[in-house]
Amino acid sequence: MSLDNNKILNFIGGELVEPINGDYFENIEPATGKAYALIPDSDEQDLEHAVTAAKQAFPGWRDTAPEKRAQIMIKLAELIEARMDEFVAAESRDNGKPQSLAAAIDIPRGAANFRAFARMAADFGGERFEKDSSSSYVLRTPIGVVSTISPWNLPLLLFTWKMAPALAAGNCVIAKPSEVTPMTAYMLSALANEAGFPPGVLNVVHGMGAKIGAAITNHPDISAISFTGGTATGLAIYQAAAPHLKKVSLELGGKNPTVVFDDADFDAAVTGAKTAAFANQGQICLCGSRLFVHQDIYDRFKQSLLEQVAEIKIGDPQQADTQHGATVSEAHMEKVLAYIELAKQEGGKLLAGGQRRMLQGRCQDGYFIEPTVFENLPSGCRTNQEEIFGPVVSLIPFSSEQEVLEMANSTPYGLAASVWTQDQDRAARMAEQIDSGIVWINCWNLRDLDTPFGGMKKSGLGREGTWDAMHFFTQQKTVTSPK
Ligand code: TXE
């Protein structure tokens, strides 16, 4: 099959354009293992083109009334919503996630992000300070040309989550989606003109992280980078950005604890812990991959969890009843399977899953991994310390608050935690002492977009969320006069 008619294009200066070097690489559908589109292998030349367009557009966009910027962003949200089915199908095909999940979360949130930040564009202002001898106010001005680099696990959701605050604040954006899942970013870029974005305000360049991504981090005229992805990549970006004193926001990996006490609402905790472990095939930075259960309920909890895991329907992401789709790529599947082997070597007892699942028909070569449950792994072993980012959860019993806190805090990461207990005081103690940027009590992944979002330790630097992201994408100017 020739893929020449299914080419993804860059979006630069208001035009969909081929990469200047004419090079492309294949886009693989994870559920089938087959190439179905071509992705531009962009390089410095394309970036230079995008930076020039963005610099030209900046004064006009900066001076556009915030209400007008908001209007354009809302129009883009409407255009996405009007094509909901197309976006859902494309996201599922590109990523391997069930269409039902893309329809429930990815695409609606992709559009909602523009609405949330459209509101901020109009409302965002600086502080005032009144003292005996002086009166000051703070202006928040856009930075200029900024860049967003996003990952493959929630492709449109994270692409827009980063781009929307940058645009709302009056910056011009060069956005680089993941080369593993570029399709919905391309579809969005094709709607930008109709939404009313002036040419050069929003640019999308596709390609490899090590090539176009690295070019972005090194470009002297790109003044801020918002990144979500792996910790190793985040560190490389941080280092590359340092000599330019670029502003950097890093949302990185996690090895998140789910902690279930013996007084928890049992059924809610089992379902919550299962969802936290396996949502999106375990490929969410917030997933709870270490499941600590109080020893008094451990056996009963394990049994209930395994019953629920056995019910998870693995299948073609296009089928309406599929709950568990393909992992994102062959390389990622191999990485997750290698961790499953490692867990066995480290003494883990396999309770469920543990294998690639071979399906019939259209998906016979797809990258499916069974929801996998281990127990008996010591808290300090690699399986319990390193981010696997797949459908693998490790069950660990505990006897006291102190013990579980020590284990929960023992990894290099600190992104999210989920604590299940009906004792409000204990919940508050745990929330205070767990080293993570987000603590959910009796829930998981309940998001209020206004709240700060991000991690401690190796999970990142800075926070996202409506207020924090608007702060990141603006600079402050203090204006003082005497009284
Ligand atoms: O992500 P990368 P990968 C974790 C997860 C996964 C691991 C690696 O554990 O197994 O990271 O995944 C761009 N300069 N997460 O390799 O490389 C890249 O093109 C500039 C956690 O797929 O971090 C893509 O757009 N950019 C996670 C983006 O970085 C570079 C989500 C993310 O890719 C670059 C995904 C470079 N040198 C993976 N190298 C989360 N926290 O949600 C790559 N990129």
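A salt bridge is here a side-chain nitrogen of Lys or Arg within 4 Å of a carboxyl oxygen of Asp or Glu. The model is a predicted one, in which local features need pLDDT of at least 70 and side-chain atom pairs count only at pLDDT 80 or more, while totals for chains, interfaces and linings use all residues. Residues are numbered from 1 along each chain as its sequence is written, and side-chain values use heavy atoms, with hydrogens and water left out.

**Exercise 1. Describe how domain 1 and domain 2 meet, beginning with their bounds.**

Step 1. Domain 1 covers 3-252 + 459-482 and domain 2 covers 256-449, bounds that come from an automatic or database domain assignment. Their centres, taken over C-alpha atoms, are separated by 30 Å.

Step 2. With contact taken as heavy atoms within 4.5 Å, 31 residues of domain 1 touch 30 residues of domain 2. About 2300 Å² is buried between the two domains, and carbon and sulfur atoms give 55% of that area; buried area is the accessible area (1.4 Å probe) that two parts lose on being put together, summed over both. On the side of domain 1, Ala31, Trp152 and Ser459 lose the most area to domain 2, and together they make up 22% of what that side buries.

**Exercise 2. Find the salt bridges between the domains, and then one that links distant parts of the chain.**

Step 1. Side chains of opposite charge can pair when their charged atoms come close. Two salt bridges are counted between domain 1 and domain 2. Lys34 forms a salt bridge with Asp365, and the closest N and O atoms of this pair are 3.5 Å apart.

Step 2. The salt-bridge count by this rule comes to 24, including the one in which the side chains of Asp450 and Arg119 meet at 3.3 Å, N to O. Asp450 sits in the loop between β21 (438-441) and β22 (456-457), whereas Arg119 belongs to helix α4, 331 residues apart; helices (H or I, at least four residues) and strands (E, at least two) are DSSP runs, numbered from the N terminus.

**Exercise 3. Which residues are closest to the ligand, and which side chains place polar atoms by its oxygen atoms?**

Step 1. The ligand is surrounded by 26 residues, each with a heavy atom within 4 Å of it. The closest are Trp152, Glu179, Gly230, Lys335 and Glu387.

Step 2. A polar side-chain atom of Glu179 is 2.5 Å from an oxygen atom of the ligand. For Thr233 the corresponding distance is 2.9 Å, and for an N or O atom in the side chain of Glu387 the distance to a ligand oxygen is 2.7 Å.

Key: A polar contact is a pair of N or O atoms within 3.5 Å; within protein, one must be able to donate a hydrogen and the other to accept it, and residues adjacent in sequence count only if both atoms are side-chain atoms.
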